[in-house]
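The questions below ask how certain descriptive terms are earned. Each reply sets a computed value against its definition.

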Amino acid sequence: MGQKQAGAGQGHGKVIEETSREGPLELGFDFERKFRLTCGRDGRQVVLGKGAIGDVLLCQQLGATRHTDAGEGYGAVKVILADAVSRSVQQGIKCLTELSGGPHIVKLLEPPFQSAKFTSLVFEYASGGELFEYVKRHKQLSSEVSMDGI
């Protein structure tokens, strides 16, 4: 699973830290009917990214016919603390929902899931990571790379 484990060794982010004392994350019945959080060899959730208001975790789509290193059968779930969902965050979620499925936009697989503690957005898994991190690492984006879609 090479790249999928990249975030696993980086420690936990805000969502995990604030809930780790209470046991596993409970993202709600609707989420848990369709997805399962993916754990690394250490038994902890695989953290793909960390943000100011939430974390992005690797998840598996239940019922998927196969799970591959290319990301098939996987998703990236952005877990936002319920008390951090401001009006601007709600507007961002609305924009993501409307743009999902467009060219060069990571697809939102389901409408947002709500639980008492979290709002969760499940996106298709993009194995290459974030464009911002790629540009930061390589200092620039060549025209050949941008035309290839990275």
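Relative accessible area (1.4 Å probe, protein chains only) sorts residues into buried, under 20%, exposed, over 50%, and partly exposed, in between. The model is a predicted one, in which local features need pLDDT of at least 70 and side-chain atom pairs count only at pLDDT 80 or more, while totals for chains, interfaces and linings use all residues. Residues are numbered from 1 along each chain as its sequence is written, and side-chain values use heavy atoms, with hydrogens and water left out.

Q: Why is Cys95 called partly exposed?
A: Its relative accessibility is 43%, and because partly exposed covers the values between 20% and 50%, that is the term that applies. Cys39, at a relative accessible area of 40%, is also partly exposed.

Q: How many disulfides does a search of the whole structure find?
A: The search finds zero disulfides, where the term requires a pair of cysteine sulfur atoms within 2.5 Å.

Q: What makes the pair of Phe31 and Phe35 stacked or edge-to-face?
A: Rings of Phe, Tyr and Trp (its six-membered ring) pair if their centres lie within 6.5 Å, and planes under 30 degrees apart count as stacked, over 60 as edge-to-face and the rest as tilted. Three aromatic pairs are found in the whole structure. For Phe31 and Phe35 the centres are 5.5 Å apart with 25° between the planes, and the pair is therefore stacked.

Q: How do you know which term fits Phe31 and Phe113?
A: With 5.6 Å centre to centre and 90° between the planes, this pair is edge-to-face. Phe31 lies in helix H2 (residues 29-34) and Phe113 in strand S5 (residues 113-114), so the pair ties together parts that are 82 residues apart in sequence; helices (H or I, at least four residues) and strands (E, at least two) are DSSP runs, numbered from the N terminus. Both Phe31 and Phe113 are buried, and together with Phe35 they form one aromatic cluster.

Q: Why is S4 described as largely enclosed by the rest of the structure?
A: Seven of the eight residues of S4 are buried, so the description follows.

Q: What makes S4 a partner of S3 and of S6?
A: Two strands pair if DSSP finds at least two bridges between them. Seven bridges join S3 to S4, which run antiparallel, and Asp55 has Val79 in S4 as its bridge partner. S4 and S6 are likewise antiparallel, over seven bridges, with Ala76 opposite Phe123 in S6.
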